[in-house]
Amino acid sequence: MATAHSRSAARLMLSPAVILLLGWMIVPLSMTIYFSFLSYNLLMPGMEEYVGFLNYEYFLTDPAFFAALFNTLMLVGGVLVITIVGGVALGLLLDQPIWGQGIVRILVIAPFFVMPTVSALVWKNMFMNPVNGLFAYLAKAVGLQPFDFLAHAPLLSIILIVAWQWLPFATLILLTALQSLDQEQLEAAEMDGASFGNRFIYIVLPHLSRAITVVVLIQTIFLLSVFAEILVTTNGGPGYASTNITYLVYAQSLLQFDVGGGSAGGIVAVILANIVAVFLMRMIGKNLEA
Amino acid sequence: MGNIVLKQITKSFGDVQVIPPLDLEINEGEFVVFVGPSGCGKSTLLRLIAGLEDVTSGEISIDGTNATEVPPAKRGLAMVFQSYALYPHMSVKKNITFPLKMAKMDPAEQERRVAAAAKVLNLTDYLHRRPGQLSGGQRQRVAIGRAIVREPAAFLFDEPLSNLDAALRVNMRLEISELHQTLKTTMIYVTHDQVEAMTMADKIVVLQAGFIEQVGSPLELYHNPRNKFVAGFIGSPKMNFIEGADAQKFDAHTIGIRPEHLTLSTTEGMWKGVVTVAEHLGSDTFLYVNVEGFDAMTVRVNGEFSVKHGDTVYLSPDPEKLHRFDQQGLRIA
Amino acid sequence: MARNVSNTRKALVTAVAWTIGILIFFPILWTILTSFKTEAEAIASPPSFLFFDWTVENYVEVNSRSNYPLHFMNSVIISIGSTLLGLLIAIPAAWSMAFVPAKRTKDILMWMLSTKMLPPVGVLIPIYLLFRDFGLLDTRIGLVVVLTLINLPIIVWMLYTYFKEIPGEILEAARMDGAGLWDEVVHVLTPMAIPGIASTLLLNVILSWNEAFWTLNLTAAKAAPLTAFIASYSSPEGLFYAKLSAASTLAIAPILILGWFSQKQLVRGLTFGAVK
Amino acid sequence: MTFFARALMGATALTLAASPALAEKLTIATVNNGDMIRMQKLTDDFTSANPDIELEWVTLEENVLRQRVTTDIATKGGQYDIMTIGTYEAPIWAKQGWLVALEGLGDDYDADDLLPAIRGGLTVDGKLYAAPFYGESSMVMYRKDLMEKAGLEMPDAPTWDQIKEAAAAMTDKDNEVYGICLRGKAGWGENMAFLSAMANSYGAKWFDMDWKPQFDGEAWKATLTDYLDLMNNYGPPGASSNGFNENLSLFQTGKCGMWIDATVAASFVTNADDSQVADQVGFALAPDKGLGKRGNWLWAWNLAIPAGSQKVDAAKKFIAWATSKDYLSLVAENEGWANVPPGTRTSLYENQAYLDAAPFAKMTLESINAADPQSPTVDEVPYVGVQFVAIPEFQGIGTAVGQQFSAALAGSITTEQALANAQNVTERTMKKAGYIK
């Protein structure tokens with residue numbers, strides 16, 4: 001609702017952002033599409049030739065591709081589940097009256113500030129290392145064999161590291177949402193005879209749905225392109241056990257310097273990301289309208 | 001200054017026409033109230049005059065010049081919003097000064113006008129407070145202050161009292177009326193409350209679904225409503241409407257009779273009914289009477305009149321004050 | 001919370017909350033502690049918690065090997081620069097989306113967000129070639145531009161949700177009061193949205209500070225921020241836990257301190273108007 | 001577009017101009033290895049002699065470094081004036097014309113003093129394209145005390161069977177002593193460097209003369225089986241993520257009985273400051289299987305100048321300084337002879353002071369001389385390179401195969417699966433690249 005004047009002003013003010021993002025998307029993307037139809041190895045310049053869909057064929061039939069697809073979904077899903085369940089639990093806990101709430105909140109929020117590279121290095125070397133790591137020490141102290149996290153549960157280990165980084169984010173949003181819950185509603189439900197569990201399911205959770213939606217949306221955006229954590233800890237291995245799509249594309253284009261193959265992979269990743277985006281927007285768009 | 005003429009203006013949002021072709025003339029110095037049920041287009045009409053919305057077709061002229069394409073700031077109008085729309089990050093003084101600053105007025109003149117407005121509105125002691133530290137009535141006055149310093153051609157009020165409690169509302173109503181007496185500037189006032197319309201207006205414009213149902217002075221509307229809608233909308237409690245055989249007796253499709261124009265008797269009358277609720281207000285008593293054959297009727301009687309729930313009473317209309325309407329709801333003269 | 005809670009219960013909840021808080025914080029604490037150990041002590045078994053010979057030799061070593069002040073300044077300039085530039089572009093965009101919504105506003109917003117889902121590795125080579133041609137490799141300006149672009153969708157979205165909470169009538173009042181578009185945005189909207197803008201700024205400084213792909217791949221020496229600094233300690237020959245810890249502490253400390261000091265603002269920023 | 005480009009370039013030019021441009025600045029990309037870091041600390045010696053040259057260091061972890069410099073040189077990004085590159089890259093890049101030939105490094109540079117095996121790997125068409133900073137082969141490092149305790153003696157040139165016997169004898173898992181530590185972390189420069197070299201001694205090879213991958217052969221099967229056998233029975237936990245550095249710290253903290261890895265490690269494990277077992281380390285040649293090849297590799301980290309650099313003269317000056325005989329003496333003066341970068345110059349191995357200080361010197365030299373990149377395998381092969389195949393595709397397939405073997409070590413797939421996958425991955429890449437139809 002506005003005048004033609006303000007509408008054209010609005011278009012003018014929106015345009016820098018749209019044009020920049022469009023440029024940022026289209027220029028490299030069209031180059032990538034172009035490269036994806038070439039046989040183009042960075043180490044052999046001057047040998048580029050048109051090869052049709054060969055790069056796509058190789059990328060999509062690569063046994064690593066399906067592993068990577070699965071791992072990507074597991075990684076995103078796993079981290080989302082851990083952070084949301086953990087975030088709700090922590091939120092409920094911190095919503096209680098406690099001494100030193102401010103300090104606890106500072107402790108809980110801290111991992112969010114840590115660079116992904118640093119957190120991966122610290123977890124890998126100082127905690128998960130089966131010989132010198134702290135977990136190995138604890139295991140030995142109670143008489144257990146140290147567990148080799150990155151070799152025997154590589155994907156889970158990465159999920160844990162990433163979840164550690166994102167738990168503060170989820171906790172804070174959910175905590176704030178909990179704090180805005182009308183206390184009278186809960187009391188009314190209690191008067192109506194709802195148990196704690198019922199109050200949680202019928203009152204608290206619906207109230208949190210919007211906050212959970214935001215957590216899912218934002219985290220998915222970042223989790224789809226988790227990269228540094230894998231590069232630092234497992235290099236995608238052993239085998240393809242912790243290779244996600246992003247890492248697979250990286251391996252193609254920057255380990256093998258197969259720019260053609262990497263570009264095809266990049267385009268496939270873009271398509272997949274858009275499928276996820278559409279799903280997400282459908283699911284979430286409604287929840288955000290209100 | 002302050003003569004506003006609307007010629008054949010229409011407004012559509014997409015395919016929906018919210019204002020069909022409409023003509024209206026507002027004279028200089030008039031206090032005009034747009035009244036109607038919510039969604040009748042009265043706020044949209046005000047926003048069209050303000051320039052916050054474009055007209056789809058037609059022409060708006062202010063003081064004889066065509067203002068249809070003129071941006072809001074240049075129309076020389078001031079507006080008071082329902083939510084007051086004060087700038088929360090500015091002090092009262094800065095709020096009031098803002099339009100003057102935007103007009104790049106001489107600072108000394110700015111000072112003078114703000115001081116004058118503050119004095120008129122009793123805001124002098126609050127000039128350095130933020131809107132958040134003021135009561136609802138004070139905020140309302142700041143919003144008005146911000147409007148008057150500009151010395152506009154006309155004031156536009158968009159339901160300005162709806163966020164105030166009942167007592168304050170009566171006060172502010174008086175203050176705005178007084179302000180109008182002092183300034184003698186055109187004022188256009190939008191409300192859904194017919195009491196505000198009746199008490200403040202020189203001229204009432206009754207709107208329904210974007211149509212102007214009737215334009216006239218408060219008493220004109222009260223006494224000679226042009227149609228059933230206006231008759232039902234103006235006046236409190238609402239007019240009683242009777243259809244069917246009883247209306248036929250008066251050569252009409254529908255007859256309307258105001259609660260204050262019914263006489264009540266415990267012994268005889270035209271219609272017999274049973275009292276369902278009696279509201280004793282002290283000076284007056286409103287009775288809701290279930291009359292056989294048609295709906296409940298409202299009757300206004302003297303406060304001393306003693307009846308209670310379940311009593312049987314007889315009602316008779318004052319034939320002089322009877323309103324008759326045809327099948328289309330138009331008044332039969 | 002008008003209810004009275006017994007002190008026993010409060011003590012119990014406090015104990016649980018503190019335990020969990022410390023557990024979550026522990027990796028960071030451990031890193032900081034390790035940075036003050038000698039390399040041998042850093043891998044000693046059993047590990048020493050507080051009672052070891054505190055030493056700053058790792059910090060001395062890190063500072064003699066790397067130009068920490070340069071990397072630090074680069075991180076500051078790049079993260080703040082890109083955030084400010086982003087705000088400059090995003091404020092008008094968010095204004096127009098929030099106050100003059102069109103049919104496709106929601107779609108544009110979602111499209112903007114979806115550009116963030118593209119894997120950056122897929123477009124590194126094209127961007128590298130473009131940067132080379134524009135002479136932007138290893139320049140702060142180049143990184144500011146890239147980080148602005150990758151964070152722009154988030155900035156626009158956050159501002160949009162904040163602006164939506166500002167009643168449109170206030171902007172209309174400004175328009176009636178004779179404010180032009182510029183005055184409206186500068187004198188009315190921006191000051192009213194200061195808390196929202198501040199938290200958007202904070203969150204984006206953090207995201208830019210920690211961005212490790214573009215900052216590492218588009219820089220060499222002059223513009224390399226702390227993410228590149230860390231890359232030189234990640235797995236050298238010999239024992240390195242203590243030096244890695246010192247370097248890590250140096251890399252995360254500034255943003256950790258900033259985050260803690262501005263915690264309240266940030267929490268609002270993180271909630272994205274999600275909680276309304 | 002051009003306007004935009006110019007505006008941006010103008011803006012960058014302004015920022016660049018802001019820094020004092022009196023001295024010539026060299027941007028040097030290096031790997032974060034000990035010898036390189038030592039060089040960084042000693043550069044005052046160079047800059048005081050060359051006040052008009054300033055040095056800027058980009059120190060990165062090996063994998064990141066390789067990716068950064070390769071991207072930069074292949075796209076002609078021009079971010080570095082001097083790059084640290086390996087023996088693998090040098091010939092490939094030189095053939096592409098990406099490197100400046102290192103002629104005129106000064107009269108006293110004495111290129112003929114460089115070890116022939118190392119120099120040969122860096123020479124293309126008779127010209128040197130990269131100057132070796134340090135060179136290495138691989139050898140067995142073992143704990144003399146543990147061998148003695150086990151009642152065994154390590155021959156100077158052991159066989160794989162003797163290695164296995166020793167590993168079994170030394171393993172004492174209760175006390176966290178593991179008989180043997182080997183690389184397990186996936187990567188063509190990590191586990192595959194070791195495994196390719198080991199495979200050479202088993203008579204295995206990457207490709208036959210038709211570039212057909214050979215992982216389906218018996219020789220590779222024997223190699224991988226023995227490797228897994230050794231590691232599963234006598235290796236440390238978490239071996240599948242152990243690379244050079246991880247094993248080094250394990251060995252230094254006394255957790256390994258033997259370690260077969262780069263000869264440069266010798267100076268670290270015998271350095272009493274870092275190593276808890278410094279005085280107990282013995283050295284032996286890499287093992288063999290009696291087929292005429294030993295399982296040792298050949299590698300050097302080298303300094304090279306990308307073609308198109310505007311600062312070739314200054315860069316040459318620096319390279320001449322960093323890889324000179326004088327630099328070796330400089331390190332010896334400051335840090336002792338044991339810490340000089342090894343494996344590049346014949347004269348070093350004729351220097352009695354060095355031989356006295358470095359008990360591993362003789363074995364290092366012998367190992368380096370025993371490696372022959374031109375003829376790495378028992379059978380004839382179409383490629384050059386001991387623990388790598390000097391073709392551009394190798395980084396990709398080497399790492400992919402390394403992932404499979406690492407997965408086999410982690411126990412998530414079987415030996416047969418690993419070999420089949422390796423064969424498949426290699427075949428696909430070679431087909432795509434057009435080596436085989």
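## A mostly covered helix in chain D

Let's start with one helix: α4(D) is mostly covered, with eleven of its 13 residues buried. Keep in mind that the whole model is predicted. Among the buried residues of α4(D) are Val64(D), Leu65(D), Val69(D), Ile73(D) and Ala74(D). The charged or polar names on that list include Arg66(D), Gln67(D), Arg68(D), Thr70(D), Thr71(D) and Asp72(D).

Does the length of this helix agree or disagree with what you'd work out on paper? Take 1.5 Å a residue: the 13 residues of α4, residues 62-74 of chain D, should span 18 Å. The end C-alpha atoms are 18 Å apart, so the length agrees. After the helix comes Lys76(D), which has a positive phi, near 55°. While you're looking at a helix, a handy thing to remember is that an α-helix has 3.6 residues a turn, so residues three or four places apart point the same way.

## Chain D as a whole

Now zoom out. Chain D contains 18 helices and ten strands. Its radius of gyration is 22 Å, close to the 22 Å that the globule rule gives for 437 residues, so chain D is as compact as a globular protein of that length.

If you boxed up the C-alpha atoms of chain D along the principal axes, you'd need roughly 65 × 55 × 40 Å. How much of chain D is buried? Buried residues account for 64% of its 437 residues.

## Helices in chain A

Over in chain A, the UniProt record (an unreviewed entry) places a "transmembrane region" feature at residues 12-37, 64-94, 106-123, 155-178, 199-228 and 264-284. Two of these spans are worth tracing in the model. Residues 64-94 of chain A are 100% helix and 0% strand, and the C-alpha atoms at the two ends lie 43 Å apart. Residues 155-178 of chain A are also 100% helix and 0% strand, with 32 Å between the end C-alpha atoms.

The same kind of record, again an unreviewed UniProt entry, puts "domain: ABC transmembrane type-1" at residues 69-280 of chain A. How far apart are the ends of that span? Its end C-alpha atoms lie 17 Å apart, and the span is 76% helix and 0% strand.

## A greasy patch and an exposed loop

Chain C has a nonpolar surface patch of about 500 Å², made by Phe49(C), Leu50(C), Phe51(C) and Trp54(C). Trp54(C) sits in the loop between α2 (39-42) and α3 (57-65) of chain C. With a relative accessible area of 47%, Trp54(C) is partly exposed.

For a residue in chain B, try Ser38(B), in the loop between β3 (31-35) and α1 (42-50). Is Ser38(B) buried or exposed? At 67% relative accessibility, it counts as exposed. Ser38(B) and His192(B) are 154 residues apart in sequence, yet their C-alpha atoms are 6.5 Å apart in space.

## Salt bridges

Here's the basic idea: side chains of opposite charge can pair when their charged atoms come close. Over all chains, the count comes to 40 salt bridges. One of them joins Asp284(B) and Arg300(B), where the closest N and O atoms are 2.9 Å apart. Asp284(B) lies in strand β15 (residues 284-291) and Arg300(B) in strand β16 (residues 296-302), so the pair ties together parts of chain B that are 16 residues apart in sequence. Arg300(B) is partly exposed, at 30% relative accessible area.

In chain D, Lys25(D) pairs with Glu56(D), with 3.7 Å between the closest N and O atoms. This pair links distant parts of the chain: Lys25(D) is in strand β1 (residues 24-31) and Glu56(D) in strand β2 (residues 53-60), 31 residues apart. Lys25(D) is partly exposed at 26% relative accessibility, while Glu56(D) is buried at 13%. Another chain D pair is Lys311(D) with Asp81(D), whose closest N and O atoms are 3.8 Å apart. Lys311(D) is in the loop between β10 (298-304) and α13 (312-322), and Asp81(D) is in the loop between α4 and β3 (82-86), so this bridge ties together parts 230 residues apart in sequence. Lys311(D) is partly exposed at 23%, whereas Asp81(D) is buried at 7%. Finally, Lys11(B), Arg47(B), Glu53(B) and Glu172(C) are joined into one network by salt bridges that share partners.

Notes:
Residues numbered from 1 in each chain as written. Chains lettered and ligands numbered in written order. Predicted model: local features only at pLDDT ≥ 70, side-chain atom pairs only at ≥ 80, totals over all residues. Heavy atoms only, no water. UniProt positions renumbered as here; feature names shortened; annotations may be inferred. Helix = DSSP H or I, 4+ residues; strand = E, 2+ residues; numbered from the N terminus. Expected span 1.5 Å × (residues − 1). Buried < 20%, exposed > 50% of the residue type's maximum accessible area, 1.4 Å probe, protein only. Patch = residues over 30% accessible without salt bridge, like charges linked within 9 Å, V, L, I, M, F, W, Y side chains within 5 Å. Areas by Shrake-Rupley, 256 points an atom, 1.4 Å probe, with all protein chains shown as cover. Salt bridge = Lys/Arg side-chain N within 4 Å of Asp/Glu carboxyl O. Rg over C-alpha atoms; globule rule 2.2 N^0.38 Å.
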